[in-house]
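Please look through the sequence and the model shown here before reading the report that follows.

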Amino acid sequence: MISIKKKLNIAQFQSLIALFILCLGLALMTDNFMTTDNFWNVMRQISVNVCISVGMTLVILTAGIDLSVGSILAFCGAVTAGLLSNGISIPALNLFIGFTVLGAVLAGLLVGGGLGFINGYAITKFKVPPFVATLAMLTMARGFTMLWTKGHPISGLGETFGFLGTGWFLGIPMPVWISGIVVVTAIVLTGKTRFGRYIYAIGGNENASLLSGIPIAKVKMWVYALAGILAAVGGILVTARLDSAQPNAGFSYELDAIAAVVIGGTSLSGGRGTILGTVLGAIIIGVLNNGLILLSVSPFWQQVIKGLVILLAVIIDKSNQKSE
Amino acid sequence: MTALLEVQQITKKFSGVTALSQVDLRLEGGKVTALIGENGAGKSTLLKIMSGIHTDYEGELLFKGQEIKFSRPKDAQDMGISIIHQELNLIPYLTVAQNIFLGRELVNAFGFLDRDKMIRKTKALLERLKLEVEPTALVSTLRVGQQQIVEIAKALLTESSVVFMDEPTSAIGESETAVLFEIINKLKAEGKAIVYISHKLEELFALADNFVVLRDGKVVGQGEISAISRPMLINMMAGRSVKVIKKSNKKSSKEKVLQVKNLQLTNPDNPSRPLLNNIHFDLHNGEVLGIYGLMGAGRTELCESLFGLHHRRMTGSIELEGKEMLFKNPIMAIEAGMALVPEDRKKDGIVPNMSVGKNLSLSVLEQVSSYGFLNSTLQTTLYDKYVASLKIKVHSEEQLIKNLSGGNQQKVILGKWIARSPKVLMLDEPTRGIDINAKNEIYELISQLSQSGISILVVSSEIPEILAISDRILVMAEGEISAQFSSEDATENNIMNACIPENLTK
């Protein structure tokens with residue numbers, strides 16, 4: 001029994017070793033890597049990707065994909081920022097609604113969940129392939145962002161809101177707290193609930209799941225809605241850190257999220273993978289980014305190296321599967 | 001006269017199970033040979049060896065007296081052996097002409113595709129087959145019957161000397177069948193050897209010169225078809241010397257658990273031929289009702305319909321314990337007390353990369369939850385219970401189900417449904433691809449379950465199996481129930497006789 005458990009975690013084990021070697025190398029080659037400041041800096045940068053990647057993991061476990069998270073992130077950040085600084089005013093009714101930080105954040109999350117739900121609805125009810133449905137949402141949500149912001153950043157959001165992105169609580173940055181809560185919740189959700197078990201079953205064999213009485217459409221819609229909500233969390237963190245919602249925020253973040261999921265050992269064909277693996281994947285990407293900057297590697301080479309790491313991770317994962 | 005193609009002492013095993021045993025066969029030019037046998041008798045395996053699909057076998061193949069060894073299907077094609085498969089192998093979004101010339105496209109002097117020439121040739125071929133479709137029509141726009149003719153055209157394009165036809169008329173109508181017969185007679189006159197497989201015995205009597213009967217992978221009879229009668233053929237196909245142990249005569253309950261009335265299922269590919277038609281039957285409390293039929297008779301569709309999978313295409317009434325049911329999806333059927341162990345274990349049964357424990361609990365997650373969270377202790381309890389009672393051979397709860405043997409996988413799937421204590425348990429080919437010991441254990445289990453009051457519907461294409469486990473037997477043919485037998489009246493011969501559709505040609 002113990003040996004099988006070990007086997008199942010082989011991907012995570014390898015990721016940990018890779019991460020350790022990476023850190024060791026950077027510690028020897030640079031002066032600034034092993035400092036407290038840099039540690040929290042890396043963790044804070046990673047937290048946004050961790051939130052999105054957790055949502056992406058749920059989607060990919062069902063054998064789907066969500067390309068729209070980067071755009072949803074931008075739109076939700078902009079919605080939250082816009083409501084905070086301007087509220088909603090309807091001149092015709094002589095109506096003005098102001099928003100507290102909590103209200104604006106909840107509205108942002110709701111919009112994210114709503115857009116994710118639309119993805120899920122298109123995929124389950126109209127049988128649009130996930131790639132296409134979320135590609136359409138990628139374009140639309142970016143368009144909504146431009147419409148909402150009129151192409152200009154929304155700034156001046158106040159200290160309370162800014163605390164979410166830049167504040168510290170009990171010696172740990174707020175974004176790390178938030179992404180930590182997301183990760184723990186997701187681990188419980190995937191490992192300890194029926195919903196989580198259904199996610200793995202659907203990705204592992206959708207026919208068998210159907211015949212086992214699993215409500216496939218409902219589960220999938222929730223999964224895409226959750227991915228949308230988590231993208232909104234990421235959007236709020238980014239906006240709070242910069243004290244500004246940028247119309248082009250989150251550009252190509254979906255690719256970083258997919259990379260983290262894949263490096264973490266989750267199979268793109270569904271049914272196999274873990275949240276913990278994805279977190280490790282996100283940390284590896286974050287440390288790599290940080291290290292390459294500290295080593296003053298040119299940004300062009302940084303991209304090449306990141307691509308190679310993704311490729312290598314998948315090749316290693318495939319050979320793991322074969323030896324199983 | 002030397003045979004065009006000759007098979008000598010061919011034996012083929014699949015992971016230890018013998019599919020063909022020392023088969024001899026001679027195919028002569030100008031003759032149609034009917035290859036006959038029930039499901040799983042080895043017909044398709046034999047065809048696949050002769051057409052280069054299976055290359056690993058014992059024995060010899062002779063082509064015009066010379067020994068040959070194919071290493072891939074193309075080798076057989078190049079020799080002039082072509083095969084018309086039962087399943088369609090066409091690419092839907094290519095045109096008729098593109099499909100027919102797939103892999104052997106004609107090119108002009110510049111190396112570009114010679115579209116006009118291919119279309120002209122296709123046109124001639126289609127005219128010969130009296131198929132009125134344009135060579136440029138997409139295959140996806142054709143009816144299934146027309147697609148079958150395109151498949152035939154594909155085989156006729158190359159000048160083959162040996163043509164295999166595996167159930168070529170299963171999807172086509174009478175007029176198309178008549179054209180096909182004309183073509184076959186023409187090919188015969190040209191001196192080609194034809195092997196014809198069909199469950200429709202009338203077709204064989206109309207077409208064939210010779211016959212070969214396979215049973216359990218062995219040739220049990222061959223000769224000229226004019227020298228044999230239909231009952232004799234059926235006798236050869238079915239006649240087993242194995243004694244079937246009849247069940248102990250337990251008192252059967254008269255209480256009706258499931259009543260099916262006038263069930264009908266339309267065929268999306270061919271509205272004039274419903275997949276299920278006029279299905280009436282009752283299932284009594286604690287009864288094992290066997291359903292026998294050849295492939296395509298509608299057995300699987302019947303189970304699926306009773307499980308809420310074809311809600312939109314189905315009409316008729318299903319009553320469970322006297323209450324009219326409308327199953328729109330499997331969830332509703334399961335909640336009402338139905339359970340289905342599907343035919344294709346790999347495709348529809350197991351979640352391969354999940355552990356045995358998780359597969360087992362998949363349909364009873366509420367039983368292994370406490371306070372809304374999954375409880376691994378409860379799952380272990382469930383696992384221990386069923387591993388012991390079903391004698392599942394497994395290392396641990398964490399072992400992936402894909403690493404179990406077929407028999408043990410099937411037991412896990414069974415356990416998953418038994419855990420729900422269903423009212424009606426449907427088993428679609430419960431012992432397919434399972435070794436003999438596990439088979440017997442599953443028979444034993446079926447008997448125990450029925451005694452505990454679960455009503456069971458078993459679909460099988462093995463007559464001895466049906467005879468051994470059923471209290472009552474329904475035979476299906478062409479989407480209808482063609483006969484019903486009590487376990488006392490049922491014999492291999494009368495089941496076989498009832499499952500072969502009559503009067504389909506002419």
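## Domains, core and a strand pair

The domain assignment of chain B gives domain 1 (5–238) and domain 2 (256–499), with bounds that come from an automatic or database domain assignment. This is a predicted model, in which local features need pLDDT of at least 70 and side-chain atom pairs count only at pLDDT 80 or more, while totals for chains, interfaces and linings use all residues. Residues are numbered from 1 along each chain as its sequence is written, and chains are lettered from A and ligands numbered from 1 in the order in which they are written.

The C-alpha centres of domain 1 of chain B and domain 2 of chain B lie 34 Å apart. Two residues count as in contact if their C-beta atoms, placed from the backbone, lie within 7 Å. Helices (H or I, at least four residues) and strands (E, at least two) are DSSP runs, numbered from the N terminus. Ala, Val, Leu, Ile, Met, Phe, Trp, Tyr, Cys and Pro count as nonpolar, Asp, Glu, Lys and Arg as charged, and the others, Gly among them, as polar. The table sets out two contacts by these terms.

| Contact | Residues from each side | Element giving the most | Classes |
|---|---|---|---|
| Domain 1 of chain B with domain 2 of chain B | 10 residues from domain 1, 11 residues from domain 2 | Helix H8 (residues 230–238) of chain B, 4 residues, on the side of domain 1 | 4 nonpolar, 5 polar and 1 charged residues on the side of domain 1 |
| Chain A with chain B | 20 residues from chain A, 23 residues from chain B | H9(A), 5 residues, on the side of chain A | 8 nonpolar, 7 polar and 5 charged residues on the side of chain A |

The largest nonpolar core (buried Ala, Val, Leu, Ile, Met, Phe, Trp, Tyr and Cys residues joined through C-beta atoms within 7 Å) has 234 residues, and those with the most contacts inside it are Tyr196(B) and Met426(B). Domain 1 (5–238) and domain 2 (256–499) of chain B both give residues to this core, so the core lies between them.

Strand S9 (residues 210–215) of chain B has 5 of its 6 residues buried, where buried means that 20 or more other C-beta atoms, placed from the backbone, lie within 10 Å of a residue's own. Strands pair if DSSP finds at least two bridges between them; strand S3 (residues 32–36) of chain B pairs with S9(B) in the parallel sense over 4 bridges, whereas 6 bridges join S9(B) to strand S10 (residues 218–224) of chain B in an antiparallel run. Val213(B) is the bridge partner of Ile36(B) and stands opposite Gly221(B) in S10(B).

Key
A residue is buried if 20 or more other C-beta atoms lie within 10 Å of its own, exposed if 12 or fewer, and partly exposed in between; C-beta atoms are placed from the backbone.
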